[in-house]
Amino acid sequence: MIKKLYPTAYIASIFDMDVEGLKQKGIKGIIFDIDNTLVPYDVVHPTDEIVEFFAKLQEEGFKITLVSNNTKDRVMKFNEKLKVIAIHESQKPLGKGFRKALHLMACKKEEAVIVGDQIFTDVYGGNLVGIQTILVKPVSDKDEWKTKIKRGIEKRVIRSYERKLYKGK
Ligand SMILES: [Mg+2]
């Protein structure tokens, strides 16, 4: 059961993504969460580094979708510069936002990866749909109250996941 909460990989930041490795695994579409994956939840626009990183991913041939549980206004403003496919109020961990993303990127679930900072929305939701997940450390320790209450349990899941990796199981 707890395995449904484990990501495929756990990295410090989106900038540590193994872009070449993803390509070799046949990944064509990347689904990014926004809040605390790319920027803190109260930062309206992406940084220049993010804009450049997305451009690089697109040059490499990846399609990108933002899938966020946040509002239309938040997601549209954040996407002004990026101009990627964007889905707001996605109700993660329910699968419909992720399925819509696959459809819009014309990707099979095996050809996509989800990148997010939350076990109970991004990772669990990805596992339910059968999409690989990359968990990243939150870019800020500021969280909305809804998220704050889950962080303690998340830490325990991450510790258990890391023990599993260490044992090689
Ligand atoms: Mg998030």
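**View 1. What packs over the buried side of helix H6.** In this predicted model, the cover over the buried residues of H6 includes strand E1 (9–11), helix H5 (119–129) and strand E6 (132–136). The residues being covered are Thr147, Arg151, Glu154, Val157, Ile158, Ser160 and Tyr161. So an arginine and a glutamate sit in that buried set, Arg151 and Glu154, because buried here just means under 20% relative accessible area.

**View 2. Helix H6 from end to end, with its bend.** H6 takes in residues 145–167, which makes 23 residues. From first C-alpha to last, H6 reaches 34 Å, close to the 33 Å you'd expect at 1.5 Å a residue. There's a bend, though: about 40 degrees, at Arg151. Arg151 also turns up among the buried residues of the helix. Just past the end of H6 comes Gly168, with a positive phi of about 70 degrees.

**View 3. Glu154 and its contacts.** Glu154 belongs to helix H6. Its relative accessible area is a mere 3%, so Glu154 counts as buried. Which residues does Glu154 contact once its neighbours within four places in sequence are set aside? They are Asp117, Gln118, Ile119 and Phe120. Asp117 from that list is worth keeping in mind for the next view, as it is also a protein donor of the magnesium ion.

**View 4. The magnesium ion and its protein donors.** Three residues donate to the magnesium ion: Asp33 and Asp117 through OD, and Asp35 through O. These donors lie 2.1 to 2.2 Å from the ion. Written along the sequence, the spacing of the donor residues is D-x1-D-x81-D. Are Asp33 and Asp35 buried or exposed? Both are buried.

**View 5. Ile149, on the exposed side of things.** Ile149 is another residue of helix H6. With a relative accessible area of 61%, Ile149 is exposed, because the cut-off for that label is over 50%. For a sense of distance, take Arg99, which is 50 residues away from Ile149 along the chain. The C-alpha atoms of the pair are 27 Å apart.

**View 6. The loop between E4 and H4, with a cis peptide bond.** This loop connects strand E4 (85–87) to helix H4 (96–105), and Pro93 is found in it. The peptide bond joining Lys92 and Pro93 is cis, with omega about 10 degrees. Gln91 lies in the loop too. Although Gln91 isn't a glycine, its phi is positive, near 60 degrees. The residue is partly exposed, at 43% relative accessible area.

**View 7. Ala106, in the loop after H4.** Here the loop is the one between H4 and strand E5 (112–116). Ala106 isn't a glycine either, yet its phi is positive at about 50 degrees. At 62% relative accessibility, Ala106 is exposed.

**View 8. Stepping back to the chain.** The chain carries 6 helices and 6 strands, and reading along the sequence gives β-α-β-α-β-α-β-α-β-α-β-α. The C-alpha trace spans about 40 × 40 × 30 Å along its principal axes. Its radius of gyration is 15 Å, which agrees with the value near 15 Å for a compact globule of 169 residues. Buried residues account for 47% of the chain. Of the contacts between residues at least 6 apart in sequence, 67% join residues at least 24 apart. About 9100 Å² is exposed, with carbon and sulfur atoms supplying 54% of that area.

Definitions and conventions: Residues are numbered from 1 along each chain as its sequence is written. This is a predicted model: local features need pLDDT of at least 70, side-chain atom pairs count only at pLDDT 80 or more; totals for chains, interfaces and linings use all residues. Side-chain values use heavy atoms; hydrogens and water are left out. Donors are N, O and S atoms within 2.8 Å of the metal (3.2 Å for Na, K and Ca); water is not among the atoms, so sites may look incomplete. Buried means under 20% relative accessible area, exposed over 50%, partly exposed in between (1.4 Å probe, protein chains only). Helices (H or I, at least four residues) and strands (E, at least two) are DSSP runs, numbered from the N terminus. The expected span of a helix is 1.5 Å times one less than its number of residues. The bend at a residue is the angle between axes fitted to the seven residues ending there and the seven starting there. Contact means heavy atoms within 4.5 Å. The radius of gyration is taken over C-alpha atoms; the globule rule is 2.2 Å times the number of residues to the power 0.38. Accessible areas come from the Shrake-Rupley method with a 1.4 Å probe; for residues, only the protein chains shown count as cover.
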